[in-house]
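Colleague: I should like a close look at a single part of this structure, written for someone in the first year of study. Please begin with the whole and then explain how the chosen part is put together.

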Amino acid sequence: AKPVVSLSSSLQITPNQIDIKKKRCSERTCYFAGQACFTYMSHPASFNPKLMLNYTFEADFGQKRSRPRVILQGSSQGKLELSAQRKQICTRMKLQLLREIVDKLRSIPVSVTVSLWNSTETASLSSDQSNMYPVLNIYQQSTTVTEITLMNQGCGSDNICQSNLQLHYKFCSKMTQNDRNIFKSLVRDEGVAVITPSDEEIALEITVTNRNGDDAHQCHSVIKLPDTVRYSSVLFSVAENSITPFSHVCCVPYMA
């Protein structure tokens, strides 16, 4: 059987947490320094050659977003030589935080993945081991992950945003007087707004509040309109202790 190599790796990011607002990262460039270190052990223990490793850094991976929040400065891949068992070797990297990121709540994962460079030319093996190039231990993880924590002053001492979002809505008729929009609640029948075909615009007034809650980020509402109501526009107004208060979705009803 071939010798089995167990690789150990560590990954450290400095700083590992950052307050983007306090550091003014939207105005100036914020950097992180990373260091990955590797060692190996083998079975049998007498197998003790020089080994060449491949490593790959990845940042903000596995997230469904249009672009990562950090980028690597320089190459994300490289090779390192381990001189012997338990002899540690390290490599460094640099990360740049992009400006005006949208997701300021979730931590930013950073990983390093290692593998053996499968070439006997790079392994110093004795003559009786020339055909015994090692294999990796299949029971160990090849990827090491750490995280950069984004601090948010509006999320309390635990840095977990616990908002208190409440949504209220009502249908209104929309009129314009003296260049101002006037909204009047529609007549309701058994709690349901009655919409009748007319020349008036109909508005769906939505009020979202966050009273006594931590900051809320990336909030959105989903509105499904029936086929008999045509979407027209959205109006916004600002009120205290609210996320998207008095958001009017204007429609014109018509007969299908």
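Modeller: The accessible surface of the protein comes to about 16400 Å², and carbon and sulfur atoms account for 47% of that area. This value, like every other one below, is computed from a predicted model. Of the 256 residues of the protein, 34% count as buried. The protein has 17 strands and zero helices. Among contacts between residues at least 6 apart in sequence, 75% join residues at least 24 apart.

The part chosen for the close look is an open sheet of five strands, in the order β5-β7-β3-β1-β9, with mixed pairing. β5 (70-73) and β9 (135-136) stand at its edges; each has a single partner strand, so one side of each is left without a neighbour in the sheet.

Let us walk through the sheet, beginning with β3. Strand β3, residues 30-43, pairs with strand β1, residues 4-14, in the antiparallel sense, and eleven bridges join the two. In this pairing valine 4 stands opposite histidine 43. β3 also pairs with strand β7 (residues 89-97), again in the antiparallel sense, over nine bridges. Here cysteine 30 of β3 stands opposite leucine 97 of β7. The parallel pairing of β1 with β9 has two bridges. Valine 4 takes part here as well, standing opposite valine 135 in β9. Valine 4 thus has histidine 43 opposite it in β3 and valine 135 opposite it in β9.

What happens where two of these strands end? The peptide bond from threonine 14 to proline 15 is cis, with omega near -10°. Threonine 14 is the final residue of β1, which covers residues 4-14, while proline 15 has its place in the loop between β1 and β2 (17-19). At the end of β3, the bond from histidine 43 to proline 44 is also a cis peptide bond, with omega near 5°. Proline 44 belongs to the loop between β3 and β4. Following β7, glutamate 100 is found in the loop between β7 and β8. Glutamate 100 has a positive phi of about 55° although it is not a glycine, and it is exposed, with a relative accessible area of 56%.

The side chains come next. In a regular strand they alternate between the two faces of the sheet. In soluble globular proteins, nonpolar side chains tend to be buried together. The largest nonpolar core of this model has 34 residues, and Phe38 and Leu97 touch the most other members. The elements that give two or more residues to this core include β1, β3 and β7, and also β4 (51-59), β6 (77-82), β8 (108-116) and β10 (143-151).

Leucine 97, which stands opposite cysteine 30, deserves a closer view. Which residues does leucine 97 contact, leaving aside its neighbours within four places in sequence? They are Ile20, Cys25, Cys30, Phe32, Arg69, Val70 and Ile108.

Phenylalanine 38 has a further role in the picture, through its aromatic ring. A pair of aromatic rings is described by the distance of the centres and the angle of the planes. A search of the whole structure finds two aromatic pairs. Phenylalanine 38 and tyrosine 55 form a stacked pair, with 6.4 Å centre to centre and 25° between the planes. Because phenylalanine 38 lies in strand β3 and tyrosine 55 in strand β4, this pair ties together parts that are 17 residues apart in sequence. Both phenylalanine 38 and tyrosine 55 are buried. Phe57 joins Phe38 and Tyr55 in one aromatic cluster.

Another ring has a charge over it: the charged end of lysine 94 sits over the ring of tyrosine 31, at 4.3 Å from its centre. Tyrosine 31 falls within the residue range of β3, and lysine 94 within that of β7. These two strands pair over nine bridges.

To draw the part together, β5 and β9 stand at the edges of the sheet, and β3 pairs with β1 over eleven bridges and with β7 over nine. Two residues, Phe38 and Leu97, touch the most other members of the largest nonpolar core.

Terms used
Residues are numbered from 1 along each chain as its sequence is written. This is a predicted model: local features need pLDDT of at least 70, side-chain atom pairs count only at pLDDT 80 or more; totals for chains, interfaces and linings use all residues. Side-chain values use heavy atoms; hydrogens and water are left out. Two strands pair if DSSP finds at least two bridges between them. Helices (H or I, at least four residues) and strands (E, at least two) are DSSP runs, numbered from the N terminus. A nonpolar core is a set of buried Ala, Val, Leu, Ile, Met, Phe, Trp, Tyr and Cys residues joined through side-chain atoms within 4.5 Å. Buried means under 20% relative accessible area, exposed over 50%, partly exposed in between (1.4 Å probe, protein chains only). Contact means heavy atoms within 4.5 Å. Accessible areas come from the Shrake-Rupley method with a 1.4 Å probe; for residues, only the protein chains shown count as cover. Rings of Phe, Tyr and Trp (its six-membered ring) pair if their centres lie within 6.5 Å; planes under 30 degrees apart count as stacked, over 60 as edge-to-face and the rest as tilted. A charge sits over a ring if NZ of Lys or CZ of Arg is within 6 Å of the ring centre and within 35 degrees of the ring normal.
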